[in-house]
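The following exercises are intended for a reader who is new to this structure. Each consists of a task and a solution in steps.

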Amino acid sequence: MGVLIDRQPALRIGPIPLASPVVLAPMAGVTNVAFRTLCRELEQARAGTVSGLYVCEMVTARALVERHPVTLHMTTFAPEESPRSLQLYTVDPDTTYAAAKMIADEDLADHIDMNFGCPVPKVTRRGGGAALPYKRRLFGQIVAAAVRATEGTGIPVTVKFRVGIDDAHHTHLDAGRIAEAEGAAAVALHARTAAQRYSGTADWEQIAALKAQVTTIPVLGNGDIFDASDALTMMAVTGCDGVVIGRGCLGRPWLFAELSAAFAGAAPPTPPTLGEVADIIRRHGALLAAHFGEDKGMRDIRKHIAWYLHGFPAGPELRRALALVKTLDELDALLHQLDPDVPFPPAATGPRGRQGSPAAVTLPEGWLTDPDDCTVPTGADVMHSGG
């Protein structure tokens, strides 16, 4: 692990000190090495430091152990990236142990986070993601397997989960208690149920309830943080030890500089003009092209452009052209058509990314019958990472 923070940490994840209690949430198809590098660069440039934890997008434990090429590529970290944080999606204690031991033995990361919050139907219908903590004993066995595999290595294991399956089946308090007992270094709660998906309002009271129960390790809160004031408010209202930033940074990778300043009591950086946003898009596109190759990198930047330009004036023709961009040169030429002097608009704040509507959670047949059943969900880990 490289040089970390030399001042009093605001948050400690196991042996890892963080100057700001801020974690970038792993987001499939978003938090690859290109996006993490951009966030870190902007925090350094605008706040003078890199102070939080930037987590790689989720990888499937089984695919990692089987050395799936796409999965291994997803575990790419920049040379200067420290600490290196990797999130695992896992449903099986044995595979979890093998994946965590592989990460430790091959020095693939400095921190392991575990995903038990995914609400996507193709995951929950097999008993994975946000469905799994309902099986309390199996959940505990999986966390214990990761902790056991990394024992003595200095690699902390953290666990992220949701409030529960739906309002009738809350699991977060049990999940927090079990993760704490099995040796997790911290827990993070997305304060929505799986049934809510990304809709409605996060219930921050559930973060406070979890914090009241989990007392020996940090509790992090996630949900509806779209600017620095939201983060400060969440911590003040819930008593949580840190915040996890997901959709709030889509199209706003400079949010971490604003958070760093807020937690340091410094003046917030000036929001970027449209010209500065265009420069950030160029840099993001170049980083994606370096990671994926130009063709795939340009396909990937398209969704980010829509988030970047949210609230800014840009004609429909230019937006359509950017949504079809194929090369870095074309991206540069199109971005030059934007008015660089347009200030950052108030309309560019607030929710972005997927929201959708609440829906009944698809579960395996009989899933809710016995919460103590330790049967590993059949086929739940047979999927490519990032899917």
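**Exercise 1. Aromatic pairs**

Task: Determine how many aromatic pairs the predicted model contains, and classify the pair of Phe 116 and Phe 139.

Solution.
Step 1. Two rings form a pair if their centres lie within 6.5 Å. By this rule the count comes to five aromatic pairs.
Step 2. For Phe 116 and Phe 139, the ring centres are 4.9 Å apart and the planes stand at 70 degrees. Planes over 60 degrees apart count as edge-to-face, so this pair is edge-to-face.
Step 3. The two residues come from distant parts of the chain: Phe 116 belongs to strand β7, and Phe 139, 23 residues away, belongs to helix α6 (residues 136-149).
Step 4. Phe 116 and Phe 139 are both buried.
Step 5. Together with Phe 161, these two residues, Phe 116 and Phe 139, make up one aromatic cluster.

**Exercise 2. A second ring pair**

Task: Classify the pair of Trp 254 and Phe 344, and explain why it ties together separate parts of the sequence.

Solution.
Step 1. The centres of the rings of Trp 254 and Phe 344 are 5.9 Å apart, and their planes stand at 90 degrees, so the pair is edge-to-face.
Step 2. Trp 254 is located in the loop between β12 (242-245) and α10 (255-264), whereas Phe 344 is in the segment after α14 (328-335). The pair therefore ties together parts that are 90 residues apart in sequence.
Step 3. Trp 254 and Phe 344 are both buried.

**Exercise 3. The surroundings of strand β8**

Task: Establish which strands pair with β8, and in which sense, parallel or antiparallel.

Solution.
Step 1. Strand β7 (residues 111-116) runs parallel to β8 and is joined to it by five bridges. Within this pairing, Asp 113 has Thr 158 of β8 as its bridge partner.
Step 2. Strand β10 (residues 186-193) also runs parallel to β8, with six bridges between them. Here Lys 160 is partnered by Ala 188 of β10, and Phe 161 stands opposite Leu 189 of β10.
Step 3. With β9, the pairing of β8 is antiparallel and comprises two bridges. Gly 164 stands opposite His 170 of β9, and a hairpin of two residues joins β8 to β9.
Step 4. Ala 168 is found in the loop between β8 (157-166) and β9 (169-170). Its relative accessible area is 64%; exposed means over 50%, so Ala 168 is exposed.
Step 5. From Ala 168 to Thr 193 there are 25 residues in sequence, and the distance in space is 9.9 Å, C-alpha to C-alpha.

**Exercise 4. Burial of two strands**

Task: Explain why β8 and β10 are each described as largely enclosed.

Solution.
Step 1. In β8, nine of the ten residues are buried, so the rest of the structure largely encloses this strand.
Step 2. In β10, eight of the eight residues are buried, so β10 is likewise largely enclosed by the rest of the structure.
Step 3. β10 also runs parallel to strand β11 (residues 219-222), to which four bridges join it. Ala 188 has Leu 220 of β11 as its bridge partner.

**Exercise 5. Helices α7 and α8**

Task: Describe how α7 and α8 cross, and place Lys 211 in this setting.

Solution.
Step 1. Two packed helices are described by the angle between their axes and the distance between the axes.
Step 2. The axes of α7 (residues 172-181) and α8 come within 9 Å and cross at roughly 35 degrees. The crossing of α7 and α8 is right-handed.
Step 3. On the α7 side the contact involves His 172, Leu 173, Asp 174, Gly 176, Arg 177 and Glu 180; on the α8 side, Gln 206, Ala 209, Leu 210 and Gln 213.
Step 4. The residues of this contact divide into three nonpolar, four polar and three charged.
Step 5. Lys 211 lies in α8 (residues 204-213). Its relative accessibility is 21%, so Lys 211 counts as partly exposed.
Step 6. Beyond its neighbours within four places in sequence, Lys 211 is in contact with Val 219, Thr 238, Gly 239, Cys 240 and Asp 241.
Step 7. Lys 211 and Met 102 are separated by 109 residues in sequence and by 32 Å in space, C-alpha to C-alpha.

Note on methods:
Residues are numbered from 1 along each chain as its sequence is written. This is a predicted model: local features need pLDDT of at least 70, side-chain atom pairs count only at pLDDT 80 or more; totals for chains, interfaces and linings use all residues. Side-chain values use heavy atoms; hydrogens and water are left out. Buried means under 20% relative accessible area, exposed over 50%, partly exposed in between (1.4 Å probe, protein chains only). Contact means heavy atoms within 4.5 Å. Two strands pair if DSSP finds at least two bridges between them. Axes are lines fitted to C-alpha atoms, for helices over the stretch in contact, and angles run from 0 to 180 degrees between N-to-C directions. A crossing is left-handed if the near helix is turned anticlockwise from the far one by less than a right angle, and right-handed if clockwise. Ala, Val, Leu, Ile, Met, Phe, Trp, Tyr, Cys and Pro count as nonpolar, Asp, Glu, Lys and Arg as charged, and the others, Gly among them, as polar. Rings of Phe, Tyr and Trp (its six-membered ring) pair if their centres lie within 6.5 Å; planes under 30 degrees apart count as stacked, over 60 as edge-to-face and the rest as tilted.
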